[in-house]
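Trainee: I've just opened this one and don't know my way around yet. Could we walk through it together, one question at a time?

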Amino acid sequence: ITQNVAILLKLIPQLSRHYINTQTSDKERIYDTNSAMSIISPQFIGRKNEMVVLVLMDSKNRVLYCGVVTEGNVNTVPLYIRKIITLAATYNAAEAIIAHNHPSGNPAPSVEDELITQKIKEMADCLEIEFIDHLIVGKHCFYSFASKKIYQNKED
């Protein structure tokens, strides 16, 4: 293949994420874990490293912000609580969801995942933001800290 074709093929994941993000409504609502995943999962298309996605909502569950807040490597990702606080204040958020991926495909939480979830919950409580969930996205499934179980993606 030519160099131009190789570049185009490499851009497909980013183009897919951009396309899906532009198709969603400006005031899309999150009603449950599945509706949250439908908004969050496009952020992980084609990602080879762990990423943290933050979703901020108003008091009527309308999405105010959904984006990647940090990127790590293949098996760890740093989470900067200061950045989350800044974004929550900027968007005047009432509710928040955090999600990150496990490129290995296994969404089972680690001890570190458990600890950071507790820190985020404490921070959200201090800011009077309802921390809805922390989701870990695997290959064909995801784990919800709120319900403490693994779900299969609907498409599978």
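**Finding our way around**

Mentor: Sure. Keep in mind that this is a predicted model. Let's start with lysine 121, which is partly exposed, with a relative accessible area of 37%.

Trainee: Okay, which residue meets lysine 121 in a salt bridge?

Mentor: Side chains of opposite charge can pair when their charged atoms come close. The partner here is partly exposed too, at 46% relative accessibility. The N to O distance is 3.5 Å, and the residue is aspartate 125.

Trainee: About how many helical turns separate aspartate 125 and lysine 121?

Mentor: An α-helix has 3.6 residues a turn, so residues three or four places apart point the same way. Aspartate 125 and lysine 121 are four residues apart in helix α4, so the separation is about one helical turn.

Trainee: What about arginine 62: which residue forms a salt bridge with it?

Mentor: Arginine 62 is partly exposed, at 26% relative accessible area. Its partner counts as buried because its relative accessibility is 12%, and the cut-off for buried is under 20%. The closest N and O atoms are 2.7 Å apart, and the partner is aspartate 58.

Trainee: Back to α4. Which side chain does threonine 117 join in a polar contact?

Mentor: Threonine 117 sits in helix α4, which covers residues 111-126, and is buried, with a relative accessible area of 10%. Leaving aside neighbours within four places in sequence, threonine 117 is in contact with Phe131, His134 and Phe145. The polar contact spans 2.5 Å, and the side chain at its other end belongs to histidine 134.

Trainee: How far apart are the axes of α3 and α4 where they pack?

Mentor: Two packed helices are described by the angle between their axes and the distance between the axes. Helix α3 (residues 81-90) packs on α4 at an angle of about 35 degrees, and the axes are separated by 11 Å.

Trainee: And how do the residues of that contact divide into nonpolar, polar and charged?

Mentor: From α3 come Ile81, Ile84 and Ile85, and from α4 come Ile116, Lys119 and Met123. For the contact of α3 with α4, the split is five nonpolar, no polar and one charged.

Trainee: Is leucine 79 buried or exposed?

Mentor: Leucine 79 lies in the loop between β2 and α3. Its contacts, leaving aside neighbours within four places in sequence, are Val52, Thr70, Ile84, Ile116 and Ile120. With a relative accessible area of 19%, leucine 79 is buried.

Trainee: Which residues of helix α2 are buried?

Mentor: Look at what lies over them: the cover includes β1, β2, β3, β4 and β5. Helix α2 runs over residues 33-40, and its buried residues are Ser35, Ala36, Met37, Ile39 and Ile40.

Trainee: At the start of α2, which residue has the backbone nitrogen that a side-chain oxygen of aspartate 32 reaches?

Mentor: That side-chain oxygen comes to within 3.2 Å of the nitrogen, and the residue is asparagine 34.

Trainee: Last one: what is the phi of lysine 148?

Mentor: Most residues other than glycine have a negative phi, and most peptide bonds are trans. Lysine 148 is in the loop between β5 and β6 and counts as exposed, at 53% relative accessibility. Lysine 148 is not a glycine, yet its phi is positive, at about 60 degrees.

Terms used:
Residues are numbered from 1 along each chain as its sequence is written. This is a predicted model: local features need pLDDT of at least 70, side-chain atom pairs count only at pLDDT 80 or more; totals for chains, interfaces and linings use all residues. Side-chain values use heavy atoms; hydrogens and water are left out. Helices (H or I, at least four residues) and strands (E, at least two) are DSSP runs, numbered from the N terminus. Buried means under 20% relative accessible area, exposed over 50%, partly exposed in between (1.4 Å probe, protein chains only). A polar contact is a pair of N or O atoms within 3.5 Å; within protein, one must be able to donate a hydrogen and the other to accept it, and residues adjacent in sequence count only if both atoms are side-chain atoms. Contact means heavy atoms within 4.5 Å. Axes are lines fitted to C-alpha atoms, for helices over the stretch in contact, and angles run from 0 to 180 degrees between N-to-C directions. Ala, Val, Leu, Ile, Met, Phe, Trp, Tyr, Cys and Pro count as nonpolar, Asp, Glu, Lys and Arg as charged, and the others, Gly among them, as polar. A salt bridge is a side-chain nitrogen of Lys or Arg within 4 Å of a carboxyl oxygen of Asp or Glu.
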